[in-house]
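Subject: A structure for you to look through

Hi there,

Here is the structure I promised to send over. Please open it and keep it beside you while you read the rest of this email.

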Amino acid sequence: MARITVGIKEENYMKKVLIYLSVFFILIVASNYGIDYSVGKQLETKSPYYLAFTSIGANSLEFQLDCWAKIKTISTKEELQIYLQSLLKTLNLPEEDASVFHFKKEGLILQYEVNENNEKYSIILESDNKTNETYFIINVVSPNEIIIKNIPEKLNKMIGINWSFYYLYSCLIEVPLDSNGRTEMIDVIVKNLNVNNVKMFELSDLTSFTGYSPLLNKYAQTISVNGEKINIQVALRSDKEVKKTYVLIGSPLILNDY
């Protein structure tokens, strides 16, 4: 009886995987991105990142943006406070008493955190006497992709500060995919985003790749690794205990542990 029960569970699992894969293959045929006009219209309203994980049937969890910049001068406590006020005004955030100063041997740190409309903002301003530089670090986590997409445009209006932006999109597949299943999902993303220079990596329950997609040029920066252009990294990690597969899409790279 136990063997029959196990066999039924395995059969149900395989049916789920086959259903997912069947849908993905249909999506590949139905959404050939290239230079098709209808795809161009889609990209006006949804970013390629969003289309990437919807094409594999994943449910969106959250969107994250890491921003950083530096100026080649140290800053006083008063100057850091002015920078913070300017950032809060730019991002339409409240000037609450949520900022804290931290003193250290090499300089000064001003930290600000706030939750606003389901978005989490963390801002760190650091004046480093050792390097004679001031650093700006911003992290934003939101369930709304539009919020994340609008932040770079706002920050780039600040005169005299050149920002770098790293995006992270996390989503979920309601099946713990095996190695072949994760590879199939990656193939869908690679095809839909027209990814080149693909470098694969696999370890235990994790499959990931890096590459370059021309569709992402206007969304995020491109970096060079070993002489090759990279602007996307994707990681799929299966969790058999909770029977799910977590998907991370980073651009140009995933900064978090995965």
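Below is what was found in it, part by part.

One thing to keep in mind: this is a predicted model.

**Strand β8 and its neighbours**

A good place to start is β8, which covers residues 206-212. This strand pairs with β7 (residues 196-203) in the antiparallel sense, over six bridges. If you want to trace the pairing yourself, look for F201, which stands opposite S208, and for M200, whose bridge partner is F209. Two residues separate the strands in this hairpin, and S204 takes a positive phi near 55 degrees there.

β8 also pairs with β11 (residues 232-239), again antiparallel and over six bridges. Here L206 is found opposite R237.

Is β8 buried or exposed? Seven of its seven residues are buried, so the strand is largely enclosed by the rest of the structure. L206, S208, T210 and Y212 point one way, while T207, F209 and G211 point the other way.

**Aromatic rings**

A pair of aromatic rings is described by the distance of the centres and the angle of the planes. The structure has five such pairs. In one of them, the rings of F63 and Y169 have centres 4.9 Å apart and planes at 85 degrees, so this pair is edge-to-face. F63 belongs to strand β1 (residues 59-71) and Y169 to strand β6 (residues 164-173), so to speak distant parts of the chain, 106 residues apart. Y169 also pairs with Y167, this time stacked, with 6.4 Å from centre to centre and 15 degrees between the planes. Ring pairs thus link F63, Y167 and Y169 into a cluster. F63 and Y169 are both buried, and Y167 is buried too.

Rings can also have a charge over them, as two lysines show here. The charged end of K77 sits over the ring of F101, 4.9 Å from its centre. K229 lies over the face of Y212, at 4.2 Å from the ring centre.

**Salt bridges**

Side chains of opposite charge can pair when their charged atoms come close. How many salt bridges does a search of the whole structure find? It finds four, and here are some of them:

- E133 pairs with K70, the closest N and O atoms being 3.5 Å apart. E133 is in strand β5 and K70 in strand β1, 63 residues apart in the chain. E133 is buried, with a relative accessible area of 12%, whereas K70 is partly exposed at 45%.
- E174 pairs with K244, with 2.5 Å between the closest N and O atoms. E174 is in the loop between β6 and α6, and K244 is in strand β12 (residues 244-251), 70 residues apart. Both count as partly exposed, E174 at 34% and K244 at 24%.
- E202 pairs with R182, the closest N and O atoms being 3.4 Å apart. E202 lies in strand β7 and R182 in helix α6, so the pair ties together parts that are 20 residues apart in sequence. E202 is partly exposed at 40%, but R182 is buried at 1%.

**A patch on the surface**

Lastly, look for W68, I137 and L255, which make a nonpolar surface patch of about 260 Å². I137 is in strand β5 (residues 133-142) and counts as partly exposed, at 38% relative accessibility.

Enjoy exploring!

Best wishes

Definitions and conventions
Residues are numbered from 1 along each chain as its sequence is written. This is a predicted model: local features need pLDDT of at least 70, side-chain atom pairs count only at pLDDT 80 or more; totals for chains, interfaces and linings use all residues. Side-chain values use heavy atoms; hydrogens and water are left out. Two strands pair if DSSP finds at least two bridges between them. Helices (H or I, at least four residues) and strands (E, at least two) are DSSP runs, numbered from the N terminus. Patches are made of residues with over 30% relative accessible area and no salt bridge: like charges are joined within 9 Å, nonpolar side chains (Val, Leu, Ile, Met, Phe, Trp, Tyr) within 5 Å. Accessible areas come from the Shrake-Rupley method with a 1.4 Å probe; for residues, only the protein chains shown count as cover. A salt bridge is a side-chain nitrogen of Lys or Arg within 4 Å of a carboxyl oxygen of Asp or Glu. Buried means under 20% relative accessible area, exposed over 50%, partly exposed in between (1.4 Å probe, protein chains only). Rings of Phe, Tyr and Trp (its six-membered ring) pair if their centres lie within 6.5 Å; planes under 30 degrees apart count as stacked, over 60 as edge-to-face and the rest as tilted. A charge sits over a ring if NZ of Lys or CZ of Arg is within 6 Å of the ring centre and within 35 degrees of the ring normal.
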